[in-house]
Amino acid sequence: MKSTHLSLIAGTVALAAVTGFAALTAPGEGDTTEAKLTSRLPVERSSLLCPAPSGSDLADTRYTSFTPPGQGATGKDAPAESGAELKPAVPVMDDEDAAPEKDEKTEKDPKKIKKAEEAARKAKEKAEKPVISVKEPGKPATAEASGADAPALVGTATGRSAPGWAAQQTTVVAAGDSRGLLGVGCTAPETDFWFPGVSTAKSRQDYIHLTNPDDTAAVADIELYGPEGLLKSDGSEGHTIQPRSSVSVLVSTLTGEAVGGVTAHVTTRSGRVGAVVGVAEDQAGSDWLTAAADPAGTLVMPGIPADATSVQLVAFAPGEDDADVKVQLMGGTATFSPAGNDTLHIKSGMTATLDLKDVTRGEPGSLRLTPVQSSRATPVVAALRVVRGTGAKQEIAYIPATGPVGERATAADNRAKGSTLSLAAPGATAKVKVTASAGSEGGEQTVKTYTIKAGTTLAVTPPVPAGLKGTYALTVEPESGGPVYAARTLALPEGGVQMFTVQTLADDRGTVAVPSTKQDLSVLAD
């Protein structure tokens, strides 16, 4: 029995390193014994999904993929396979599926048979060829694509490339209805997503992109909640996403109601998907809206630019209780409540919006929501719609509520100019280490530390690698003090428009808690 226990523990440790699950069931026992999670190991496998960049023929996209150095197992403990690849999200066919369909004429014409087989072979090779690969931790890899045909991507990292693997997709559309700078950090597959801030208004074209990384079909449902509650819908259920494929759903086609402030809830009844929302707004540009942090009583939305001309808060209470929250801005020197907008009442099952106008007034900031009554912390989800510029020169971006940096977080695509790193400390004063990686085409890693005073937001131009060529990654690691929330703003002015995009930086989940073998042996010993 003891050898069985040892094998069971070893298997649990390995499973935890891949999935994060850590529970033991001894043979012959009906109950599951939860292991004490006292050690942390680097994950050995990670998955990321990137949506199709744009429907515009004018789109120019850069992909950046990066794994921070130092956490993967090495030597005899290193996995046999190691690497990180992103491939097109199209079904990978076996030889039988890839073979061309034969009609009577084709079967009798050797030239047509050969031509059809060659076309099928090339299609299969294209589907299996990586768009971008990370060759070594610590150095970003990049790739580029143009036009409306660039596909969604699905990817896996293994071995030393898995812990902390991050990928960024940055698209510039210089003109047209979808004009803007669209940035999104590629996301891990999940089963539940909240998107406060979508719209079914005529001025908006919001698409929910669903990408399935697995070899079996996934089925997703979409619910929409407006200011009066659940919107009537005929097509919200049963969206099938074929294996290793991606679909986009126009939000306004799901309901006959034209509503400005809406919260979308995406869940899967089978399988798992990556989900993000592509937003295009008349006269205001376009960007990606990523999923907000899970419902909670306290939320933080970091990284509001100092020159924001309009900030709108969108919040939703998914439970049975109404929520009353305090609205506070963590500015450069202190935390304060916006005049006349210090609280927000959110009815159960309804979406509430709050126009904060130019709340930052020349100072960078981060928005914090906390319960009016600490004893009644009703969970909510929230996001910000942020505008820079005015009139025909305005540009939008979205900042969803996010989790803290935790152990480490990374923004993959940074340029020699245009990046701003925002760090917020809602609790105690905190100190963080920021590492600028080597450049994708050259340059040496640079490290700098910052101190964020309690209740403030620190916005800095991040360090740049010495001798930078290409792009680089920024990695944030807290060293002491309270929790830190972070966001990276990338600005690329185009034609007089202050194009920008904001990506929040949450914990990269590069390590996982696993059972302590010594403790578990004592628990399971005869």
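This is a selection-by-selection tour of a predicted model, going from the whole chain to its cores, its enclosed and open spaces, and a few single residues.

**Whole chain**

Start with the chain coloured by secondary structure, which comes to 5 helices and 40 strands. The chain has 526 residues, and 50% of them count as buried. If contacts are taken between residues at least 6 apart in sequence, 81% of them join residues at least 24 apart.

**The nonpolar cores**

Select Met301, Leu313, Leu344, Ile346, Leu367, Leu369 and Leu384. These belong to the largest nonpolar core, which has 31 residues, and they are the members that touch the most other members. In soluble globular proteins, nonpolar side chains tend to be buried together.

Now centre the view on Leu367. Which residues does leucine 367 touch, leaving out those up to four places away in sequence? Several of its contacts fall between 299 and 313, namely Leu299, Val300, Met301, Ile304 and Leu313. The others are Val327, Gln328, Leu329, Leu356 and Leu384. Met301, Leu313 and Leu384 were already in the selection for the core.

A second core is separate from this one and has 28 residues; to find it, select Ile208, Leu231, Ala275 and Ala383, which are among its members.

**The enclosed cavity**

Ala275 also leads to the next stop, since it is one of the residues that line the largest cavity. A search of the whole structure for cavities of 30 Å³ or more finds 1. The largest cavity holds about 40 Å³ of space. To outline it, select Leu49, Cys50, Pro51, Thr187, His209, Thr211, Gly274, Ala275 and Val276.

Which element gives the most to this lining? Strand β19 does, with 3 residues. At least two residues each come from β4 (45-50), β13 and β19. By class, the lining has 5 nonpolar and 4 polar residues, with no charged ones.

**The second largest pocket**

Keep β13 and β19 in view, as both return here: β13 (204-212), β19 (274-281) and β20 (285-289) are the elements that give two or more residues to the lining of the second largest pocket. Its volume is about 410 Å³. Of the 22 lining residues, select Ser54, Gly55, Ser178, Tyr207 and Ala280, which lie nearest the pocket's centre. The lining is made up of 10 nonpolar, 9 polar and 3 charged residues.

**Two buried hydroxyl side chains**

Go to Ser65 in strand β5 (residues 59-66). Is serine 65 buried or exposed? Its relative accessibility is 1%, so it counts as buried. Show its side chain together with that of Trp165: the two make a polar contact at 2.8 Å. Apart from residues up to four places away in sequence, serine 65 touches Ile132, Val134, Lys139, Pro140, Ala141, Trp165, Ala166 and Ala167.

Next select Thr457, in strand β35 (residues 456-460). Threonine 457 counts as buried because its relative accessibility is 3%, under the 20% limit. Its side chain makes a polar contact with the side chain of serine 366, at 2.9 Å. With residues up to four places away left out, the residues touching threonine 457 include Met330, Gly331, Gly332, Pro364, Gly365 and Ser366. Ser422, Leu423 and Ala424 touch threonine 457 as well.

**A loop glutamine**

Select Gln394, in the loop between β28 (381-388) and β29 (395-400). Its side chain reaches the backbone oxygen of glycine 391 at 3.2 Å. Add Gly285 and draw the C-alpha distance: glutamine 394 and glycine 285 are 109 residues apart along the chain, and their C-alpha atoms are separated by 7.3 Å. Beyond residues up to four places away in sequence, glutamine 394 touches Arg179, Gln283, Ala284, Val387, Arg388, Gly389 and Val497.

**Two arginines with positive phi**

Most residues other than glycine have a negative phi, and most peptide bonds are trans. The last two stops depart from the phi part of that pattern.

Select Arg361, in the loop between β26 (351-357) and β27 (365-371). Its phi is positive, near 50°. Arginine 361 counts as exposed, at 68% relative accessibility.

Finish at Arg509, in the loop between β39 (500-505) and β40 (511-515). What is the phi of arginine 509? Its value is about 55°, again positive in a residue that is not a glycine. Arginine 509 is exposed, with a relative accessible area of 51%.

Notes. Residues are numbered from 1 along each chain as its sequence is written. This is a predicted model: local features need pLDDT of at least 70, side-chain atom pairs count only at pLDDT 80 or more; totals for chains, interfaces and linings use all residues. Side-chain values use heavy atoms; hydrogens and water are left out. A nonpolar core is a set of buried Ala, Val, Leu, Ile, Met, Phe, Trp, Tyr and Cys residues joined through side-chain atoms within 4.5 Å. Buried means under 20% relative accessible area, exposed over 50%, partly exposed in between (1.4 Å probe, protein chains only). Contact means heavy atoms within 4.5 Å. On a 1 Å grid over the protein atoms alone, a cavity is a set of points where a 1.4 Å probe fits but cannot get out, and a pocket is an open set with protein on both sides within 12 Å along at least five of seven lines; lining residues have an atom within 4 Å of a point. Grid points are joined across faces, edges and corners, and a volume is the space filled by probe spheres set on the points. Helices (H or I, at least four residues) and strands (E, at least two) are DSSP runs, numbered from the N terminus. Ala, Val, Leu, Ile, Met, Phe, Trp, Tyr, Cys and Pro count as nonpolar, Asp, Glu, Lys and Arg as charged, and the others, Gly among them, as polar. A polar contact is a pair of N or O atoms within 3.5 Å; within protein, one must be able to donate a hydrogen and the other to accept it, and residues adjacent in sequence count only if both atoms are side-chain atoms.
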